Amino acid sequence: MISEAMTGLGKKRSTIREIFEYGNQRAKIVGRENIFDFSLGNPSVAPPDCVTEEIRKFVSEERPEVLHGYTSATGLEWVRQAMADSLNSAYGTNFNKDCFYMTVGAAASLCIVLKAIACPGDEFIVPAPYFPEYKCWIENTANAKCVLIPADPTSFQINFGELEKSLSENTKAVIINSPNNPSGAVYSEETVKKLASVLEDAEKKWGHPIYLISDEPYREIVFDGFKRPFVTKYYKNTFICYSFSKSLSLPGERIGYVLIPDEMEDNRDVYAAVCGAGRILGYVNAPSLFQRVVGKCVGKTADISIYNRNRDVLYNGLIEAGYSCVKPQGAFYMFPKAPEENEYAFCEKAKKYDLLLVPGTDFGCPGHVRIAYCVQTETIERALPVFKKLAADYGIR
Ligand code: PLP
C-alpha cells in the first residue's frame, strides 16, 4: 500500500505543465517557431554576467572538496550576511545574518515556513489570484486547511471584504505574492498598510500571532518606477520567502532564503522551527556552489527591461485588439479577461491557433487567462495578429 494522496498528485500534472507538454508535442509537428507558448514562467532573459564570472572564479579558486561539500544547514555565514547587507542598503532595514535561512528556492522556503508553523486545526488564507501550488503545499506539507478568498478583479489588489470574513481564531497565516503570479499586480503601500492593520486587529481579537507569509520571487521585477513596499517594515510577524529563480534567472539551480525578522514574536523559537522543518523535509542545506554565487551577486538582476518591453508590446496589442486587462506593474504575467465566461472554451479556441494560454480557474480566478510573457519579444509580436484574429472570432473589434 502506498499513499493515495501522493500517487494522485504524481499522476496529475499541473494544468500549466500539461499545456507546456502539449506545446512540445505540437512543436514536433508544426515547428517550434509556429507555437506561441505562453504557458510557463521560465525566465527568457539570461542571468547577468556576474553569475558566470562567479561560478568560474569559485570553481577555479576554491578547493573542490570545500566548494562541493555540505554547508551548515542554515547556510554559509558570509552569504547570509551578504543577504542582510543587500536588503539593508536597498530598504533601510536592520537585518543580520541570523535572520536568514538559505533554501532550495521559494518552493522550499514556503514549504519550510508552512511546516514550521502549522499546528492541528490551523487555517492558511490565500487571496486569489494565487500560485496554484500553495494549496497543495498547505494541504500536503503542512496538513492544514487552505482557505481561498476571491479576487478583486478590478485591480487584483486584496479583496479586504473577503479577507475579513475569512479570518478566524484558527487562522495561522495569510500568504501574499506581490508582484503577483498570475496577475502581475504589485500591492500598493495602501494595500500593505491596510493588510497590516487588519491582521493586527485579528491578532488582538484572537490573542495569538497571525503570520504574513510574503512570497517574493518577483520582488525586483517592477515597472514604471513603482516603489514596492517592503512588507516587514509594515507588519512584524512577516516571513519573507525569497528566491533567485527570477531575479537572477536561476530557476534550475534552486536557491533562495527564508527571512525571519528580529521583530517577529519569539523569533528565535520560530527560527528553530524553520531549522526543524528544513531538517525533517530533508533539505540538509541549500546548494553549496550557488549559495556562494548569490552571496556575490545579490542585489544584481538579469536585464529586467526586456520584461518591461514585453509587457508594453503585449498590453498595447491586447488593448488595441479589444481585450480587457488590468495593466500589470510587475512580474512577467498578464491576466486578461477571456472574451467568454468559460475561459477553458476560450483557451481551447486559442489552442486551435497554437496559442497556448492557461485558464484562470487554476489561479482562483475563473473568466481570466494567464499569459506568461517571459518569451522573446519577437514571439509576442508574431502572436498579436493571432490574438486579434481570436478577438475577431468573438466580434469584440
Ligand atoms: N511562488 C511563485 C508565485 C512562483 O511563481 C514560483 C515559481 O514560478 C514559486 C513560488 C516557486 O519558485 P522557485 O523556483 O524559487 O521555487
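Which residue in strand 5 is the bridge partner of Ile125? In this predicted model, the answer is Val174. That bridge belongs to the pairing of strand 3 (residues 123–127) with strand 5, which runs in the parallel sense over three bridges. Strand 5 also pairs with strand 6 (residues 211–215), again in the parallel sense, this time over five bridges. Here Asn177 stands opposite Asp215 in strand 6. As for its surroundings, strand 5 spans residues 171–177, and seven of its seven residues are buried, so the strand is largely enclosed by the rest of the structure.

A salt bridge also turns up in this region. Asp122 and Lys172 pair up with their closest N and O atoms 2.8 Å apart. Asp122 sits in the loop between helix 6 and strand 3, while Lys172 is part of strand 5, so the link spans distant parts of the chain, 50 residues apart. Both partners, Asp122 and Lys172, are buried.Helix 7 (133–140) comes next. Its buried residues are Tyr134, Cys136, Trp137 and Ile138. The cover over these residues includes helix 1, helix 6 (105–117), strand 3, strand 4, strand 5 and strand 6. Thr141 is found in the loop between helix 7 and strand 4 (145–149). With a relative accessibility of 14%, Thr141 counts as buried because the cut-off is under 20%. Leaving aside residues up to four places away in sequence, Thr141 touches Cys111, Lys115, Cys136 and Leu281. Cys136, one of these contacts, is also among the buried residues of helix 7.

On a wider view, the protein is divided into domain 1 (4–48 + 303–392) and domain 2 (69–297). Taken over C-alpha atoms, the centres of domain 1 and domain 2 are separated by 26 Å. Domain 1 puts 30 residues into the contact, and domain 2 puts in 31 residues. Between them the two domains bury about 2500 Å², with 65% of that on carbon and sulfur atoms. Which three residues supply more than any other three of the area that domain 1 buries against domain 2? They are Val326, Gln329 and Phe363, and their share is 24%.

Polar links between the domains can be counted too. There are ten residue pairs in polar contact between domain 1 and domain 2, both residues being at pLDDT 80 or more. The salt bridge count between the two domains is one. On the domain 1 side that touches domain 2, helix 1 (4–11), helix 12 (305–321) and strand 9 each supply at least two residues. Asp224 and Arg311 form a salt bridge, with 3.0 Å between the closest N and O atoms.

There is also an open sheet built from three strands in the order 9-12-11, with antiparallel pairing. Strand 9 (333–334) and strand 11 (358–359) stand at its edges with a single partner strand each, so one side of each has no neighbour in the sheet. Strand 11 pairs with strand 12 (residues 369–372) in the antiparallel sense over two bridges. Within strand 12, Val369 is the residue that Pro359 stands opposite.

Back to charges: how many salt bridges does a search of the whole structure find? The search gives 20. One salt bridge joins Arg63 and Glu65, whose closest N and O atoms are 3.0 Å apart. Glu65 counts as exposed at 51% relative accessibility. Glu265 and Lys236 also meet through their side chains in a salt bridge, at 3.4 Å from N to O. Glu265 lies in the loop between strand 8 (256–259) and helix 10 (267–280), and Lys236 in the loop between strand 6 and strand 7 (238–243), so the pair ties together parts that are 29 residues apart in sequence. Glu265 counts as partly exposed at 32% relative accessibility, and Lys236 counts as partly exposed at 37%. Finally, Glu216, Arg219, Glu220 and Arg228 are joined into one network by salt bridges that share partners.

Note on methods. Residues are numbered from 1 along each chain as its sequence is written. This is a predicted model: local features need pLDDT of at least 70, side-chain atom pairs count only at pLDDT 80 or more; totals for chains, interfaces and linings use all residues. Side-chain values use heavy atoms; hydrogens and water are left out. Two strands pair if DSSP finds at least two bridges between them. Helices (H or I, at least four residues) and strands (E, at least two) are DSSP runs, numbered from the N terminus. Buried means under 20% relative accessible area, exposed over 50%, partly exposed in between (1.4 Å probe, protein chains only). Contact means heavy atoms within 4.5 Å. Domain bounds come from an automatic or database domain assignment. Buried area is the accessible area (1.4 Å probe) that two parts lose on being put together, summed over both. A salt bridge is a side-chain nitrogen of Lys or Arg within 4 Å of a carboxyl oxygen of Asp or Glu. A polar contact is a pair of N or O atoms within 3.5 Å; within protein, one must be able to donate a hydrogen and the other to accept it, and residues adjacent in sequence count only if both atoms are side-chain atoms.
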